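Please open the model in your viewer and keep the sequence panel visible beside it. The stops below are meant to be followed in order, with a new selection at each one.

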Amino acid sequence: MSSEEISKNIEKQESQLMTSGEPEEEKHNEGWNWIYNSPKWHYFVDGKSLCKRWMLFSTPKNLEQGNNNSPDNCKLCRKTLEKRLKNEKRTNRS
Ligand SMILES: [Zn+2]
């Protein structure tokens, strides 16, 4: 392998790292989160719970996706999330 080829390979690897680095965090700006003063998990979108009872000052990075039907989840958040998912499907179809 010539030195030119090696430097081309390094460039490729670097550009792959650049593109795969950032969008990961954006995906998790919503999800289930447990807060210490509530016995239930709530679903947060943009720092607000779907049941509108809770607000976070900063979006935590450990928001959990999935597990929507867990009995530990707030009922109101679950209902609102179900509605949201149905609405999303409808808008995707049209
Ligand atoms: Zn809730």
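## A tour of the predicted model

Begin by selecting Trp 34 and Trp 41, since in this predicted model Trp 34 stands opposite Trp 41, which belongs to strand S2. Extend the selection to the two strands around this pair, S1 at residues 30-34 and S2 at residues 41-45, and you will find them running antiparallel and joined by 5 bridges. Another of the pairs to pick out is Gly 31 with Phe 44, its bridge partner in S2. Between S1 and S2 lie the 6 residues of their hairpin.

Next, add strand S3, which pairs with S2 in the antiparallel sense over 2 bridges, and look for Val 45, whose bridge partner in S3 is Lys 48. The hairpin of S2 and S3 has 2 residues between its strands, and Asp 46 in this hairpin takes a positive phi near 50°. With the three strands selected together, you have an open antiparallel sheet in the order S1-S2-S3, in which S1 and S3 (48-49) are the edge strands, each pairing on one side only.

Now turn to the packing around the sheet. Is S2 mostly covered or mostly uncovered? It is mostly covered, with 4 of the 5 residues of S2 buried. Select Trp 32, Trp 41, Tyr 43, Phe 44, Leu 50, Cys 74 and Cys 77, the 7 residues that make up the largest nonpolar core; S2 supplies the largest share of this core, 3 residues. In soluble globular proteins, nonpolar side chains tend to be buried together.

Centre the view on Tyr 43 and display its contacts: leaving aside residues up to four places away in sequence, Tyr 43 touches Gly 31, Trp 32, Ser 49, Leu 50, Cys 77 and Leu 81.

Zoom out to the whole protein, where 3 helices and 3 strands follow the pattern α-α-β-β-β-α along the sequence. Of the 94 residues, 11% are buried, and among contacts with a separation of 6 or more, 53% are between residues 24 or more positions apart.

Finally, colour the protein by pLDDT, which averages 81, with 78% of the residues scoring at least 70. Select residues 21-25, where the pLDDT is below 50 and where the stretch has 0 contacts in the model beyond near neighbours in sequence. Where pLDDT is low, the predicted coordinates should not be read in detail.

Notes:
Residues numbered from 1 in each chain as written. Predicted model: local features only at pLDDT ≥ 70, side-chain atom pairs only at ≥ 80, totals over all residues. Buried ≥ 20, exposed ≤ 12 C-beta atoms within 10 Å, placed from the backbone. Contact = placed C-beta atoms within 7 Å. Pairing = 2+ DSSP bridges. Core = buried A, V, L, I, M, F, W, Y, C linked by C-beta atoms within 7 Å. pLDDT = per-residue confidence, 0-100.
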